[in-house]
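Me: I have a model open on my screen and would like to talk through how its parts fit together. Could you take me through it step by step?

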Amino acid sequence: MTVTHAPGAVPLIGHLPQLLRAPEQFIASLPEHGDVVQIMLGTQPTYVVCRPDLAEQVLVNRNRVFDKGGPFFDSVGEFLGDGLASCPDAGHTRMRRLVQPAFRRTRIPSYSDTIADQLTEVTEGWRDGQVVNTVHDMQQLSMRFVVNTMFAGWAAEGAEAEQRTRAAVETLVRGAFVRMVLPWFGRLPLPNNWHYSGAKRRLYERIDATVAEYRRDGADRGDLLSMLIGRDENGDGLSDEEIRDQAVTFFIAGIGTTAATLSWTLYFLSRDSTLDAQIAEEVRQARPTGPIGYDDTGSFPLLRRTVSESMRIKPVAWMYTRKAIADTELAGHRIPSGMGILVSPYLLQHRADAFADPERFDVCRWSEQEDVRFRGAPMFPFGKGARRCIGDEFAINNIIVTLATLLRRWRLEPMIKGPVTSSARSMLEPKALRLRLRARRWA
Ligand code: HEM
């Protein structure tokens, strides 16, 4: 069976206009044309899987035929190197085994104090009535979570160094989307591309210098990097270059995703004062004062369900790709070797046959048991199978701790009446989301 082509592709740029103008609507409309639908990313044909069971086949059951690769990973692979998120299946098992200890359940609580300190620092300047640039502030927070858990020493280097690292990460993430939809763009002699190469070089140099320093003194600083430098029981360990690739991967995979999930959840709460008040009360009952840490995250069931619904309706990793490494078939459709396959959590989580009235933000879809683990639900925000997000628990803990801490003290009000627009590039983010802070007054 041949694959249906989505209508409206323009020579050379393909479906780029639709992806830039109305990305969510475009992606969500694809199931109208079939179970597997061809779109054009520039001149590259890419097959989009439109049914959750087919996405499961690609990601879980037949992940050997549908390997890492395809337009998204070909573009980010340029700076992620052979990091865990972009390496092909062949080297993945070894790499995941070496990286996993850093994300072990028992290790994660030791990162908790770092998070509480960062939260205090970033929000101590907040004042009643002030308008916050939500995505920017959440990015600053998430950046600190990841950087300080990764490299204990970087916090001491000051705000200017932090700003430089954040700018480099943002430049790379922005550049990745352009390179995905227009693969030839990176070869043009443009200031934009020089800026991109400079950002990559500076980030690499800074990480390499830190890794060399850790190797020299061999001390365990209690951070992620100390774990990555270690060796397993067979004496196997990551090379300097592999460690650098992991560090860049954690920056790219962990900062923007956490920040955008926080921003979307705050946005939905700003528009539902009843839910917002219920969550604030839930937090106040469980933890009236003092710092909130990872041990408390199980005490906020309503908040957890709210984050689940936010991740359903606005999955920030809204698409990722694979590459068929042999001629194969999917639901009776012929898939030639080398074809890019696109899985979109946004598309799958907006199917009306999976979630009734999918455009409605409804916390009641989630029972307390399901909460952020999405048991049995056709949910893909963290991926599935062998390549599922390694930082999922770390991210969820940080998100719950951050929201509980903020909502206990602040209510956020929308500045505009209508819905915020989405920016869907490498990530799905609320565009220019500004919210007004109101200090809560407890009776
Ligand atoms: C809300 C926050 C996050 C979301 C929504 C998210 C989403 C995802 C998704 C969808 C994948 C799978 C992509 C695929 O199958 O191609 C993934 C993989 C990955 N994520 Fe996350 N992520 C988040 C936070 C983090 C954090 C905080 C880190 C690290 C500090 C991280 C590190 C990784 C890595 C290393 C992989 C590759 C895993 C592998 O292939 O073995 N992520 N993430």
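Below are some questions and answers on the helices, the ligand shell and the sheets of this predicted model.

Me: Let's begin with helix 11 and helix 15. Are they oblique or perpendicular to each other?

Reply: Helix 11 covers residues 240-270 and helix 15 covers residues 392-409, and their axes come within 10 Å. The two axes cross at roughly 40°. Angles under 35 degrees would count as roughly parallel and 65 to 115 as roughly perpendicular. That makes helix 11, relative to helix 15, oblique.

Me: And which hand does the crossing of helix 11 and helix 15 have?

Reply: On the helix 11 side, the contact is made by G254, T257, T258, T261, L262 and T265, and on the helix 15 side by A395, N398, I399, T402 and L403. The crossing of these two helices is right-handed.

Me: How many polar residues does that contact of helix 11 with helix 15 have?

Reply: Threonines T257, T258, T261 and T265 are among the helix 11 residues in the contact, and helix 15 brings N398 and T402 among its own. By class, there are four nonpolar residues and no charged ones. The number of polar residues is seven.

Me: Now the ligand. Which element gives the most residues to the shell around it?

Reply: There are 23 residues around the ligand, and G254, T257, G383, C389 and G391 come nearest. Helix 11 and helix 15 are the elements that give two or more residues to this shell. With seven residues, the element that gives the most is helix 11.

Me: What is the make-up of that shell by class, and how many charged residues does it have?

Reply: The shell around the ligand has 14 nonpolar residues and seven polar ones. Its charged residues number two.

Me: Back to helix 15. How do helix 12 and helix 15 lie relative to each other, roughly parallel or roughly perpendicular?

Reply: Helix 12 runs over residues 273-286, and its axis lies 9 Å from that of helix 15. The packing angle is about 100°, and angles from 65 to 115 degrees count as roughly perpendicular. Helix 12 and helix 15 are therefore roughly perpendicular.

Me: How many charged residues does the contact of helix 12 with helix 15 have?

Reply: From helix 12 come I279, A280, V283 and R284, which meet A404, L407 and R408 in helix 15. By class, five residues are nonpolar and no residue is polar. The charged residues number two.

Me: Which residues of helix 15 does helix 13 meet?

Reply: Helix 13 (residues 301-313) packs against helix 15 at an angle of about 120°, with the axes 11 Å apart, and the crossing is right-handed. The contact has six nonpolar residues, no polar ones and one charged. L303, R304 and V307 of helix 13 meet I399, I400, L403 and A404.

Me: Let's turn to the sheets. Which are the edge strands of the six-stranded sheet?

Reply: This open sheet has mixed pairing and the strand order 1-2-3-9-6-4. An edge strand pairs on one side only. The edges are strand 1 (4-5) and strand 4 (66-68).

Me: In the hairpin of strand 2 and strand 3, which residue takes a positive phi?

Reply: Strand 2 (residues 36-41) and strand 3 (residues 44-49) run antiparallel and are joined by six bridges. M40 stands opposite P45, and Q38 has Y47 as its bridge partner. Two residues lie between the strands, and the one with a positive phi near 60° is G42.

Me: Do strand 3 and strand 9 run parallel or antiparallel?

Reply: Strand 9 covers residues 340-343, and four bridges join strand 3 to it. Within this pair, V49 stands opposite V343. The two strands run parallel.

Me: Which helix packs on this six-stranded sheet?

Reply: The helix touches strand 2, strand 3, strand 4, strand 6 and strand 9. Its direction makes about 105° with that of strand 6 (320-324). Covering residues 70-80, it is helix 4.

Me: Last one: in the three-stranded sheet, what is the bridge partner of R411?

Reply: The sheet is open, with the order 5-13-10 and antiparallel pairing, and its edges are strand 5 (131-133) and strand 10 (410-414). Strand 10 pairs with strand 13 (residues 434-439) over five bridges. In strand 13, the partner of R411 is R438.

Technical notes
Residues numbered from 1 in each chain as written. Predicted model: local features only at pLDDT ≥ 70, side-chain atom pairs only at ≥ 80, totals over all residues. Axes fitted to C-alpha atoms, helices over the stretch in contact; angles between N-to-C directions. Parallel < 35°, antiparallel > 145°, perpendicular 65-115°, else oblique. Left-handed = near helix turned anticlockwise from the far one by under 90°. Contact = placed C-beta atoms within 7 Å. Nonpolar A, V, L, I, M, F, W, Y, C, P; charged D, E, K, R; others polar. Near = placed C-beta within 6 Å. Pairing = 2+ DSSP bridges.
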